[in-house]
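Colleague: I am new to this model and would love a friendly guided look at one part of it. Please take your time, and explain the terms as you go.

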Amino acid sequence: MPKKPQYGLLIDYEYCTGCYTCQVACQQEYRWPEGTSGMRVLEIVQELPKGRAYLTFLPFPTELCILCAPRTKKGLEPACVSHCMAGCMKFGPLEELSKELGRKPRMVLWSPR
Ligand code: SF4
Ligand code: SF4
């Protein structure tokens, strides 16, 4: 029997604006308690000499992420993916997504298990 493909999210955080829409979309879709979500947008600040700083936003799934099984079973995109106007996230089989990792830097591949 062929092995069932495992699914995940490819997160291209280079163009993430830190708008938090993905975090809110997940919270509303599954009515997670206030302050929790299957997605959290992390804000990473790197302080450098001469008053310079780098700010990076990284949308990252939490332990609550169920990869939107109720939506994807119906052929819908995960809520976080469909609401991101910057197109930072892609859902699909890990094998396919991993091939895209080499396409450009600043991407993260995430799997729930
Ligand atoms: S991943 Fe998309 S929706 Fe989420 S904070 Fe970044 S730009 Fe906004
Ligand atoms: S895939 Fe679905 S459950 Fe996971 S973070 Fe995105 S919206 Fe939430």
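Modeller: Let's start with the hairpin. Strand S2 (residues 39-47) runs antiparallel to strand S3 (residues 53-61), and nine bridges join the two. Two strands are said to pair when DSSP finds at least two bridges between them. Strands are DSSP runs of E with at least two residues, helices are runs of H or I with at least four, and both are numbered from the N terminus. One of the bridges is easy to find: Leu42 has Leu58 in S3 as its partner. In a regular strand, side chains alternate between the two faces of the sheet. Five residues lie between the strands of this hairpin, where Lys50 has a positive phi near 60 degrees. Most residues other than glycine have a negative phi.

A word on what you are looking at: this is a predicted model, in which local features need pLDDT of at least 70 and side-chain atom pairs count only at pLDDT 80 or more, while totals for chains, interfaces and linings use all residues. Residues are numbered from 1 along each chain as its sequence is written, and chains are lettered from A and ligands numbered from 1 in the order in which they are written.

Now place the hairpin in the chain. The chain has four helices and five strands, and from the N terminus its elements follow the order β-α-β-β-α-α-β-α-β. Its C-alpha atoms fill a box of roughly 60 × 35 × 25 Å along the principal axes.

The hairpin also leads us to helix H1. S2 and S3 are among the elements that cover the buried residues of H1, together with H3 and S4. Those buried residues are Cys22, Gln23, Ala25, Cys26 and Gln27. Here "buried" means that 20 or more other C-beta atoms lie within 10 Å of the residue's own, "exposed" means 12 or fewer, and "partly exposed" is in between, with C-beta atoms placed from the backbone. In the whole chain of 113 residues, 23% are buried.

Both ends of H1 are worth a glance. In the loop between S1 and H1 sits Tyr20, a residue other than glycine with a positive phi of about 70 degrees. Tyr20 counts as partly exposed because it has 16 C-beta neighbours inside 10 Å. After H1 comes Arg31, with a positive phi near 50 degrees.

S3 and H1 also meet around ligand 1. This ligand is surrounded by 14 residues, the closest being Cys16, Cys19, Cys22, Cys84 and Cys88. A residue counts as near a molecule if its C-beta atom, placed from the backbone, lies within 6 Å of it. Helix H1 (21-30) and S3 are the elements that give two or more residues to this shell. The shell holds 11 nonpolar residues, three polar and no charged. In this scheme Ala, Val, Leu, Ile, Met, Phe, Trp, Tyr, Cys and Pro are nonpolar, Asp, Glu, Lys and Arg are charged, and the others, Gly among them, are polar.

Around ligand 2 there are 13 residues, with Cys26, Gly38, Cys65, Cys68 and Cys80 the closest. H1 and helix H3 (79-83) each give two or more residues to that shell, and H1 supplies the largest share, three residues. By type, the shell around ligand 2 has 11 nonpolar, one polar and one charged. Cys68 is in the loop between S3 and helix H2 (69-72), and its phi is positive, near 55 degrees. With 23 other C-beta atoms within 10 Å, Cys68 is buried.

Finally, the other strands. They form an open, antiparallel sheet of three strands in the order S4-S1-S5. Strand S4 (89-93) and strand S5 (107-110) are the edges, each pairing on one side only. From one strand to the next the twist averages 20 degrees, using lines fitted to C-alpha atoms as axes and angles from 0 to 180 degrees between N-to-C directions. Strand S1 (residues 7-12) pairs with S5 over four bridges, and Leu9 stands opposite Trp110 in S5. Just before S1, the segment there holds Gln6. Leaving aside residues up to four places away in sequence, Gln6 touches Pro93, Leu94 and Ser111; a contact means C-beta atoms, placed from the backbone, within 7 Å.

Technical notes. Contact = placed C-beta atoms within 7 Å.
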